[in-house]
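Trainee: Could we go through this model together? I would like to start with one strand and then move on.

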Amino acid sequence: MEVRAFQVVQAVSRLDQGLVQQWPEFSRSRLQKLIQQGYVRVNQQVQTDKNYPLRPGDWVHLAIPDPQPLDTPAQPMALDILYEDDHLLMLNKPAGLVVHPAPGHWDGTLVNALLAHCPNLLAMADKQRPGIVHRLDKDTTGVMVVAKTALAQQHLQQQIQSRRLGREYLGLVHGRLPQPTGTINAPIGRHPQQRQKMAVVPNGRPAVTHWQVLATQGNYSWVYLRLETGRTHQIRVHLSHLGHPLVGDPLYSRKGVTQLPGQALHAWRLRCQHPVSGAWLTVTAPLPEPLVRLLRHLGFKNDHLGEIPAQNAPPANRD
């Protein structure tokens with residue numbers, strides 16, 4: 001069980017509000033449930049009233065119970081595997097595939113498919129997300145890396161934490177960006193009113209996205225993006241905050257409808273260090289056909305869809 005703590009600096013009218021401000025990655029409803037279940041202490045006393053007023057100097061402790069293992073069935077499913085060995089695999093995730101079981105999607109997920117493809121994942125400590133070291137949103141396509149052993153999972157997670165695992169994306173956005181290249185450095189947390197969304201908020205977690213315009217057609221831009229951090233919905237939130245949301249984004253863009261199932265965002269290339277050999281692996285996922293058709297319909301040429309010229313690309317993550 002994980003335990004977190006903070007000391008109140010300014011008076012807060014409600015306990016649940018103070019928790020949300022301190023840890024915006026949790027929804028208010030989840031924090032209220034933890035309060036009701038007795039997982040929150042104020043000045044070492046269990047506090048089950050979400051309306052309890054916090055005063056300067058109060059110490060608040062939050063205990064986060066360990067997730068309960070789920071009975072996740074193995075479900076055979078076709079996987080577009082780009083690389084695989086005994087320690088890890090890299091695959092091209094299609095649109096519409098949820099990465100792991102969650103409310104509303106208890107089966108038919110990538111984890112269900114992985115359990116059928118790699119039965120040894122059942123031995124992993126995390127029974128809810130075995131082998132998963134990072135996620136892609138349901139309707140984001142592209143390359144993901146999956147650990148097949150506990151050692152590989154730990155090694156890959158360390159690469160993410162140290163920002164050595166390189167993740168590069170391609171996306172189609174509304175409008176023309178203000179300059180050819182740029183960096184968005186803006187903290188991300190839960191949206192204060194719309195809890196299903198994330199937003200740029202002052203007390204959010206640090207988030208950095210680098211971008212480069214590859215081509216423009218009309219009022220659209222084809223953009224290369226590189227993550228320095230990996231917050232929930234990071235690219236989608238940052239581009240919307242910049243005033244150039246992704247085409248087809250159902251949460252962060254209100255402009256028009258496309259034939260795509262969701263946002264025009266593709267995890268194009270991933271670079272990681274092999275957890276055993278130490279060699280660096282770089283895998284590229286081809287663009288999905290619906291996105292290619294949309295780009296051609298808008299007037300983008302084939303040479304806009306190929307490799308990024310090395311001399312123009314933002315610097316990749318270094319060893």
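Trainee: Why is β6 largely enclosed by the rest of the structure?

Mentor: Six of the six residues of β6 are buried, so the strand is largely enclosed by the rest of the structure; buried means under 20% relative accessible area with a 1.4 Å probe, protein chains only, and strands are DSSP E runs of at least two residues, numbered from the N terminus. This is a predicted model, in which local features need pLDDT of at least 70 and side-chain atom pairs pLDDT 80 or more, while totals for chains, interfaces and linings use all residues. Residues are numbered from 1 along each chain as its sequence is written, and side-chain values use heavy atoms, leaving out hydrogens and water.

Trainee: Which residues of β6 are on each side?

Mentor: L88, M90 and N92 lie on one side and L89, L91 and K93 on the other, and all are buried.

Trainee: And which strands does β6 pair with?

Mentor: With β5 (residues 81-84) it pairs in the antiparallel sense over three bridges, and with β7 it does so over six, where pairing requires at least two DSSP bridges between two strands. A hairpin of three residues joins β5 to β6, and K93 stands opposite G142 in β7.

Trainee: Switching topic, what does L91 touch?

Mentor: Leaving aside residues up to four places away in sequence, L91 touches several residues, including L110, L114 and V143, contact being heavy atoms within 4.5 Å.

Trainee: Last one: which side chains of β15 are buried?

Mentor: L281 and V283 point to one face and are buried, whereas W280, T282 and T284 point to the other and are not.

Conventions:
Buried < 20%, exposed > 50% of the residue type's maximum accessible area, 1.4 Å probe, protein only. Helix = DSSP H or I, 4+ residues; strand = E, 2+ residues; numbered from the N terminus.
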